[in-house]
Amino acid sequence: MQSIEGHLPSSSPLHAVLAPKGIAVVGASADATKRGYKAMEGLVKGSYRGDIYPVNPKADSILGVKAWPSISAIPGNPALAVLCTPAATVPDLIAECGRRGIKGAVVLASGFSESGEAGAALEARMMANARAHGVRIIGPNTSGLFNLHHNINLLALENLKPGDIGIVSQSGNMLLSLALEAQYNGQVGFSTYIGPGNQSDIGFNDYLRYLGEDAHTRVATLYVEGFRDGRKFLDVAREVTAMKPVVVYKSGSTAQGQKAASSHTGALAGSYQMTVDLLRQAGVSVVQYSDEILPVAEGLGRLQKAAGKRVAVIADGGGQATIAADRLSEAGLTLATLSRDTQAKLDALLLPQASTLNPIDVAGSSDANPSLLAECMAVVAADANVDSVFLVGMFGGYSLRFAESLLGDEMRGAESMVELAHSSEKPLVIYSLYAPIKPPALSRLHEAGLPVYASIEHAVRVLAALGERGEYLAQCAAQPARLPMQASPDGQAMLATAKEQKRDLLEFEAKGLLAAHGIHVPDERRVQGSDELADVARHFGDQPLAMKVVSRDILHKSDAGGVKLDLIGEAALRDAYKTIVANAQCYDPSAQLEGVLVTPMAEKGVEVIIGMLRDPVFGPVLMFGLGGVFVEVWEDVAFRSLPITQADAESMVNQIKAQKVLEGVRGAQAVNKQALVLLLMQISKLVDAYPSIRELDLNPVVAYPDSHPQGYAIVDARIIVEREE
């Protein structure tokens, strides 16, 4: 069983706020239906060790604790105030807190920015007072918080067990669901919970940094509806995930990221998939279903990581072994190939009818000797080809299913598993169909820190998260330093001119900028008059050519009849030129025409898209996927936050669902993936060098096999320039 990698150095200002030595409850009440009562009840019944200061001008005491008429009248030095009063009272109370020296306030009331313009103005007043007086705000519109290792329970939830799972949830009901699930589980405990509410001051990134620094937290778990500053969250997540696991359940899509589509990339940005990709890039374990949150958090908290995704399955039934193998494959895990030595040792332990291939089916060998399963686990855990061990079946229930006399042997098996877990760096994950009734052997495993699951699917999701985390940490350790790309004076001048003229780069300008930074673009000629066509025809000879209109006012060239293909010879070029100019003038009589581009027809290959946009939530984001005219239909794309590493670029190419298309179908050769990886890296550096590039679309990029000199051809390029709207 693994220890936490380490802790971030303490830099978060929230330690004093979330673990205060004194708490003022403003609006404390003796009415059990009020939140001011619940906050007091949670502190008093939870045996909070600090000083409690109920504030209520109409009461002498609340729950046996002396009350005070106002914040100013409090004699001590509370670090935190819990405001249980209506929204309209909050701004003035925040100012009073600041004058009293209170560093943080939990604002429970709703009726702020989430309720409309008047509420937004009230929230602005509250924040102005908070900044003026140095008060940090949790909320408003928050369900509250607890810190169980400091006996703080402002929600007055019962049966909460102190543990190592820290939670930040924008839904109070989701927290309640997790708390009830943990109560049923019996072994899962929490360190800290915070409801961020409107995040008017403290955001997800601040809470994550606190949990990363908190010695009581082994895994940070977040339920997120929307990020206020996604870029900053990713930066903090990279720091925290290097030390301890982070689990996120993201509900819905990022509404702030939706925008009027000015490019294919812009149309696909702001999606749920983009958010998930960026979180995973930062090492976050993203769960897809809400019932996976607690199992994955528990598994990562207790086991931390696996070296890779090679799993050895030990089962006492063929059916469940097959189900486990299916689920592992679907989750991107692989069945480890056991060494001959491992198989020989298993053969010596098991009955002749047992299968020692992976998955291992003991085939009745453990019916009279369930501790044999622990011996099998020890054998496969010693195999260098195995990253994690998955026990599947009825362990814990042998004494119930066969004979009560087997209980002693099961308990000995459980002790052996505990010893193995503590001596091995490889995670041991257990699924038992008897888990719901908690028999003694399984209770012993759980008490010793070994998670036991009642669902094969949950267990497999934990194994996947462990493997993903291990591979992520290994990639981070192996990444070389990134060398930046330097902007050229000509490139800067070109972008500045476009910005001044309130336009985007024309296609030939965009390709010129790419070429100036070592990115291969096809040979092409810009033609501004028909008298130039003879020279162009001689230059390209007999090869088929494409001609495209160049205009700042015509974004979709094909729609305007501005594209002609397979042109051979001067006569064909002249006819196409006349037609394109006429079509463009008919499509938009006011369009400013800058001529046409002539270039050789691209060889057939696989069309992909590479795009970039500056997302309002996450900052610069790179996209890669299947391209062409159907990119927004298939939506088979991958996103990464910029700048990217080589591992990021490789994972983008390998993430595409249509891998068979990239690897060659129906006799086609596989594309040169490394050429695409290099191109992604170059685009990342280009965007970093030119901050005024707002969006970029290379669509299509035709990908070719290894035999092609460049490995790709950029057929169309569009660069949208940052400018004031």
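**Helices α7 and α21 in a predicted model**

User: In this predicted model, what covers the buried residues of α7?

Analyst: The cover of the α7 buried residues includes helices and strands from several parts of the chain: α6 (204-213), β12 (219-224), β13 (246-250), α9 (272-281), α17 (456-478) and β27 (637-641). The residues they cover are G230, F233, L234, V236, A237, V240 and T241. The elements to look for therefore include α6, β12, β13, α9, α17 and β27.

User: How far does α7 reach from its first C-alpha to its last?

Analyst: Helix α7 runs over residues 230-241 and has 12 residues. At 1.5 Å a residue, the expected span is 16 Å. The reach in the model is close to that, at 16 Å.

User: Which residues of α21 are buried?

Analyst: Helix α21 covers residues 570-587, 18 residues in total, and reaches 26 Å between its end C-alphas. Buried here means under 20% relative accessible area. The residues of α21 that meet this are L573, A576, Y577, I580 and A584.

User: Within what arc do the buried residues of α21 fall, seen down its axis?

Analyst: The buried residues in question are L573, A576, Y577, I580 and A584. They line one face of the helix, because seen down the axis of α21 they fall within an arc of 110°.

User: Which exposed residues does α21 carry on the face turned away from its buried side?

Analyst: The buried side of α21 is covered by elements including β21 (525-527), α20 (533-540), β22 (545-551), β23 (563-567) and β24 (593-600). The face turned away from that side carries exposed residues, namely A571, K578 and C586.

User: With which residues is L565 in contact, leaving aside its neighbours within four places in sequence?

Analyst: L565 is found in strand β23, and β23 is among the elements covering the buried residues of α21. L565 and A546 are 19 residues apart in sequence, yet their C-alphas are 4.4 Å apart in space. Beyond its sequence neighbours, L565 is in contact with L545, A546 and M601.

User: Among contacts between residues at least 6 apart in sequence, what share joins residues at least 24 apart?

Analyst: The chain has 725 residues, of which 56% count as buried, and its secondary structure comes to 25 helices and 30 strands. Among contacts between residues at least 6 apart in sequence, the share joining residues at least 24 apart is 72%.

User: How far apart are the mean positions of the positive and negative charges?

Analyst: The C-alpha trace spans about 95 × 80 × 40 Å along its principal axes. The chain holds 64 positive and 80 negative charges. Their mean positions lie apart by 5 Å.

Conventions: Residues are numbered from 1 along each chain as its sequence is written. This is a predicted model: local features need pLDDT of at least 70, side-chain atom pairs count only at pLDDT 80 or more; totals for chains, interfaces and linings use all residues. Side-chain values use heavy atoms; hydrogens and water are left out. Helices (H or I, at least four residues) and strands (E, at least two) are DSSP runs, numbered from the N terminus. Buried means under 20% relative accessible area, exposed over 50%, partly exposed in between (1.4 Å probe, protein chains only). Contact means heavy atoms within 4.5 Å. Lys and Arg count as positive and Asp and Glu as negative; His and the chain ends are not counted. The place of a charge is taken as NZ of Lys, CZ of Arg, CG of Asp or CD of Glu. The expected span of a helix is 1.5 Å times one less than its number of residues. The arc is that of the directions from the helix axis to the C-beta atoms.
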